[in-house]
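Subject: A structure for you to look at

Hi there,

Here is the structure I promised to pass on. Have a look at it first, and then read my notes below.

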Amino acid sequence: MQNFTTKIVDMMKSEGLFEWQGGPIILSQIENEFGPLEWDQGEPAKAYASWAANMAVALNTSVPWVMCKEDDAPDPIINTCNGFYCDWFSPNKPHKPTMWTEAWTSWYTGFGIPVPHRPVEDLAYGVAKFIQKGGSFVNYYMYHGGTNFGRTAGGPFIATSYDYDAPIDEYGLLREPKWGHLKELHKAIKLCEPALVAGDPIVTSLGNAQQASVFRSSTDACVAFLENKDKVSYARVSFNGMHYDLPPWSISILPDCKTTVYNTASVRLGT
């Protein structure tokens with residue numbers, strides 16, 4: 001483990017790939033979803049996780065290290081979330097950023113079962129809700145589908161296809177409307193950046209299953225996320241003296257606290 005990790009880090013350094021070298025690597029990960037093994041195997045597994053974390057930090061990559069699904073990740077390692085939804089997640093220290101390292105776009109293709117499909121409306125809702133709760137980083141798993149070599153696969157009864165209903169399929173083609181709807185989501189989030197990075201939101205109830213999360217900056221930039229958690233019914237809400245219609249299970253993004261530029265449940269053809 002140490003020899004392999006050291007070799008990979010040295011290769012990245014020799015090619016100038018880390019951010020401080022002018023390269024694209026801004027983050028490193030050690031181990032993967034090891035936390036559940038700690039629950040099963042106890043102290044030996046915890047000791048290994050601690051050793052792996054310290055070993056990684058000692059390699060001096062000069063970019064942050066993360067461990068996903070590792071609730072007791074030691075400083076300065078950042079523990080992160082993997083899953084279909086991560087709005088519930090908080091890191092184990094308040095000074096660590098809230099990061100979603102695997103936003104699952106769907107699931108594995110298995111033999112004898114229907115090909116999994118996750119509607120983009122639900123995926124966009126999960127991502128928008130994570131951002132409105134203070135999330136700072138989202139990585140899609142998978143964003144580009146693939147295919148395992150030969151007869152290899154990810155586990156028993158899993159097909160060689162690793163398409164994962166991803167925004168870009170295993171042939172490299174755009175999967176619409178998933179790709180376009182997510183593109184528009186991140187364009188909307190980018191418009192909100194000045195207020196999002198200024199502090200935590202103020203949350204106000206707009207109804208039994210509706211709420212507003214409002215971010216403000218010191219320069220008076222204002223951003224609102226209007227959420228309808230009802231899975232069945234539309235809701236008309238009043239916010240800042242105006243009325244907004246929210247589809248079921250959706251979030252509307254208002255980069256100026258007035259104008260809706262995006263709703264997670266409203267997919268526009270041709271985006």
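The crossing of helices α4 and α5 is right-handed, and since this pair is a good place to start, I'll stay with it for a moment. Please keep in mind that this is a predicted model.

Helix α4 covers residues 120–132 and helix α5 covers residues 178–191. Their axes are 10 Å apart and meet at an angle of about 20°. Angles under 35 degrees count as roughly parallel, and α4 and α5 are therefore roughly parallel to each other. On the α4 side, the contact is made by Val 120, Leu 123, Ala 124, Val 127, Ala 128 and Ile 131. From α5 come Lys 178, His 181, Leu 182, Leu 185, His 186 and Ile 189. By type, the residues of this contact are nine nonpolar, two polar and one charged.

Now for the whole chain. The protein chain has six helices and 14 strands. Its radius of gyration is 21 Å, close to the 18 Å that the globule rule gives for 271 residues, so the chain is as compact as a globular protein of that length. Along its principal axes, the C-alpha trace spans about 60 × 50 × 40 Å.

UniProt has two domain annotations that you can place on the model, both from an unreviewed entry. Residues 1–188 are listed there as "Glycoside hydrolase 35 catalytic". In the model this span is 31% helix and 14% strand, and its end C-alpha atoms are 41 Å apart. The annotation "Beta-galactosidase beta-sandwich" covers residues 211–267 in the UniProt record. That span is 0% helix and 53% strand, with its end C-alpha atoms 22 Å apart.

Finally, a few backbone details to look up. Most residues other than glycine have a negative phi, and most peptide bonds are trans. Where does the chain depart from this pattern?

- The peptide bond from Asp 75 to Pro 76 is cis, with omega near 0°. Pro 76 sits in the loop between β2 (65–68) and β3 (78–83).
- The bond from Glu 176 to Pro 177 is also a cis peptide bond, with omega near 10°. Pro 177 is found in the loop between β7 (161–162) and α5, the helix that packs with α4.
- Glu 33 has a positive phi, near 50°. Its place is in the loop between β1 (28–29) and α2 (35–41).

Enjoy exploring it!

Best wishes

Notes. Residues are numbered from 1 along each chain as its sequence is written. This is a predicted model: local features need pLDDT of at least 70, side-chain atom pairs count only at pLDDT 80 or more; totals for chains, interfaces and linings use all residues. Side-chain values use heavy atoms; hydrogens and water are left out. UniProt positions are given in the numbering used here, feature names are shortened, and annotations may be inferred rather than shown by experiment. Helices (H or I, at least four residues) and strands (E, at least two) are DSSP runs, numbered from the N terminus. Axes are lines fitted to C-alpha atoms, for helices over the stretch in contact, and angles run from 0 to 180 degrees between N-to-C directions. Angles under 35 degrees count as roughly parallel, over 145 as roughly antiparallel, 65 to 115 as roughly perpendicular and the rest as oblique. A crossing is left-handed if the near helix is turned anticlockwise from the far one by less than a right angle, and right-handed if clockwise. Contact means heavy atoms within 4.5 Å. Ala, Val, Leu, Ile, Met, Phe, Trp, Tyr, Cys and Pro count as nonpolar, Asp, Glu, Lys and Arg as charged, and the others, Gly among them, as polar. The radius of gyration is taken over C-alpha atoms; the globule rule is 2.2 Å times the number of residues to the power 0.38.
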